[in-house]
Amino acid sequence: MFPMPTPHHPSIAVRRALRKLGQDIHDARRRRGLPAEVVAERAFTTRPTLRRIEQGDHSVGMGIYAAVLQALGLLDGLEQVADPSNDTVGLALSSEALPERVRLRRRKATNDAG
């Protein structure tokens, strides 16, 4: 018999970020005056799943979160999350890895003596 997989237990920081995202989605839906049923339908999901998203449930797939963001017209923000131009840590690490000097590589001389 195979052991049961253990459920993923996200860190407090991840849970906090998802709760904020869920609350922001909830607020965006209300600002637009859209009932949960309409947003769920546009995102091809159910009202209970939308409720879980608005609560920041980590077990809901990222694709469903993205579909809800698209239904609210907020998908562009998701595309920018890990964009290299917004990655200050990655840019700093890239800058640190640059060589101090750049030299031209010399070609090895070939001996054409026949």
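Below are three exercises with worked solutions on a predicted model of a protein chain.

**Exercise 1.** Describe the secondary structure of the chain and state what share of its residues count as buried.

*Solution.* Begin with the elements: the secondary structure comes to six helices and zero strands, and reading along the sequence gives the pattern α-α-α-α-α-α. Turn next to burial, where 23% of the 114 residues count as buried. Finally, consider the accessible surface of the chain, which comes to about 9700 Å², with 56% of that belonging to carbon and sulfur atoms.

**Exercise 2.** Decide whether Arg-29 is buried or exposed, and find what surrounds this residue.

*Solution.* First locate Arg-29, which has its place in helix H1, spanning residues 12-31. Its relative accessibility is 10%, and because buried means under 20%, Arg-29 counts as buried. Next look at its surroundings: leaving aside neighbours within four places in sequence, Arg-29 is in contact with Leu-34, Pro-35, Ala-36, Val-39, Leu-50, Glu-54 and Leu-72. With Leu-34 there is a further detail, since a polar atom of the Arg-29 side chain lies 3.0 Å from the backbone oxygen of Leu-34.

**Exercise 3.** Work out how helices H3 and H4 are oriented to each other, and which residues meet between them.

*Solution.* Start from the geometry: H3 (residues 47-54) and H4 (residues 62-71) pack at an angle of about 95°, and their axes are 11 Å apart. Angles of 65 to 115 degrees count as roughly perpendicular, so H3 is roughly perpendicular to H4. Then list the residues: Thr-49, Leu-50, Arg-52 and Ile-53 in H3 meet Ile-64, Tyr-65 and Val-68 in H4. Sorted by class, this contact has five nonpolar, one polar and one charged residues.

How values were computed. Residues numbered from 1 in each chain as written. Predicted model: local features only at pLDDT ≥ 70, side-chain atom pairs only at ≥ 80, totals over all residues. Heavy atoms only, no water. Helix = DSSP H or I, 4+ residues; strand = E, 2+ residues; numbered from the N terminus. Buried < 20%, exposed > 50% of the residue type's maximum accessible area, 1.4 Å probe, protein only. Polar contact = N/O pair within 3.5 Å; in protein donor to acceptor, adjacent residues only side chain to side chain. Contact = heavy atoms within 4.5 Å. Areas by Shrake-Rupley, 256 points an atom, 1.4 Å probe, with all protein chains shown as cover. Axes fitted to C-alpha atoms, helices over the stretch in contact; angles between N-to-C directions. Parallel < 35°, antiparallel > 145°, perpendicular 65-115°, else oblique. Nonpolar A, V, L, I, M, F, W, Y, C, P; charged D, E, K, R; others polar.
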